Amino acid sequence: MIYLDNAATTQVCKQAADIAYRVMTEVYGNPSSTHAAGREARGILDIARKQVAAALGCDPAELYFTSCGSEADNWAILRGAESMSRKGRHVIGSTVEHDAVRKSLDELERRGYEVTRLSPDETGAVPVQAVAEALRPDTVLVSLMLVNNETGAVTDISGISRAIKAAGSTAILHTDAVQGFLKVPFQAKNLGADMISVSGHKIHAPKGIGALYIRKGLKPASKLLPYILGGGQENNLRAGTEALPQIAAFGVAAQEGKAVQTLSMAHMRSLQELAIGRLLEEVPGVQIIGAQAPHILSVSLPGYGSEVLMNFLDRRGICVARSSACKKGGRSHVLEAMGLSPKVIDGALRVSFSRFTTEDEVNALCDGLRDARASLFPVLG
């Protein structure tokens, strides 16, 4: 199998799998228990929090573990807006967000908030100036993703943070950095966001674990209330017994990923450039939609159905995607928001790499798309 759908999920690295198994079978105490087994588990939890925080560039006390990136997005947006409701009920998002953000914004509207959804530029990113112009005295929250999960477009979150401050706005800035974590260079301490969502299974940790960075100034419960109620875990902000095997694996994966981040980004960029060069030379009519982040390449064969292309590649053992793995059926809202033609959208594929992807795998993809172009009949209309 040639796996080129790493934006959907990644292979768990050996180091992460090993520690998850060890914690499940040897360090299985509850971190909230005060006996020896509980204290040992608490030690593992503390180490993992430090590892993820170091990779993210924040203080461990600013990091709260969640079940996934979607939970982190929901928590940040719904509780973030709620915590600021006395100052206003206007929120800014965009038309190219992940559904975890889009549907949270829809929920805010049902609760009486007004949501401004900004359009992207031709690259798929949200311009800083558009955010600056949309700010109002009653704006309480801005939520924009760092790296788009379908096109790899990179939005200037630091620039948006500066624009919010320059306008004298007190709006909270949240970014979904699930696709950006360890794929593009940033540190929480200088990104300028008040809240940052990340996920484990995008960086070679298991599924079922994520985290939300909450800037220290927003940490008190009087500012941001818990999203899940119950026990006092995660400093009383996220109830539920901690999923220690996944958390430990997340910590190790983050540590490993941070250690090789520069080399990994360069490797993925070289694979991306190899694919672009071969496709443009060998596949007539191919269009490159997006390739800003090094691990995502969005391409289209206008007139060819993406499902047909995916099935052709799948028969060769090559895994790619048509859009987000979370979205089933229908056209990509991201590509529609970019103003692309229906033929381009319907022929679009998302190819995504990891540090484990090889040149041979990319060459197999290019061979497959070349052969598909030569042998398949274009979709009429």
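Start with the whole protein in view and colour it by burial: buried residues make up 56% of its 381 residues. Keep in mind as you look around that this is a predicted model.

Next, switch to a cartoon. You should find 14 helices and 12 strands. Turn the protein along its principal axes, and the C-alpha atoms fill a box of roughly 65 × 55 × 30 Å. The radius of gyration is 21 Å, which agrees with the value near 21 Å expected for a compact globule, because that estimate is made for a chain of 381 residues. Now show contacts between residues with a separation of 6 or more: 72% of them join residues 24 or more positions apart.

Then bring up the surface. The protein exposes about 15,500 Å², and carbon and sulfur atoms supply 53% of that area. Select the charged side chains too: there are 41 positive and 39 negative ones, and the centres of the two sets lie 5 Å apart.

Time to zoom in. Select residues 157-166, which form helix α6. Which residues of α6 are buried? They are Ile157, Gly159, Ile160, Ser161, Ala163 and Ile164. As you follow the helix, remember that an α-helix has 3.6 residues a turn, so residues three or four places apart point the same way.

Keep those buried residues of α6 selected and add what they pack against: helices α5 (128-134) and α7 (188-191), along with strands β5 (139-143) and β6 (172-176).

For a last stop, step just past the helix. Gly168 follows α6, and its phi is positive, near 75°.

Technical notes
Residues numbered from 1 in each chain as written. Predicted model: local features only at pLDDT ≥ 70, side-chain atom pairs only at ≥ 80, totals over all residues. Heavy atoms only, no water. Helix = DSSP H or I, 4+ residues; strand = E, 2+ residues; numbered from the N terminus. Rg over C-alpha atoms; globule rule 2.2 N^0.38 Å. Buried < 20%, exposed > 50% of the residue type's maximum accessible area, 1.4 Å probe, protein only. Contact = heavy atoms within 4.5 Å. Areas by Shrake-Rupley, 256 points an atom, 1.4 Å probe, with all protein chains shown as cover. Lys, Arg positive; Asp, Glu negative; His and termini not counted. Charge placed at Lys NZ, Arg CZ, Asp CG, Glu CD.
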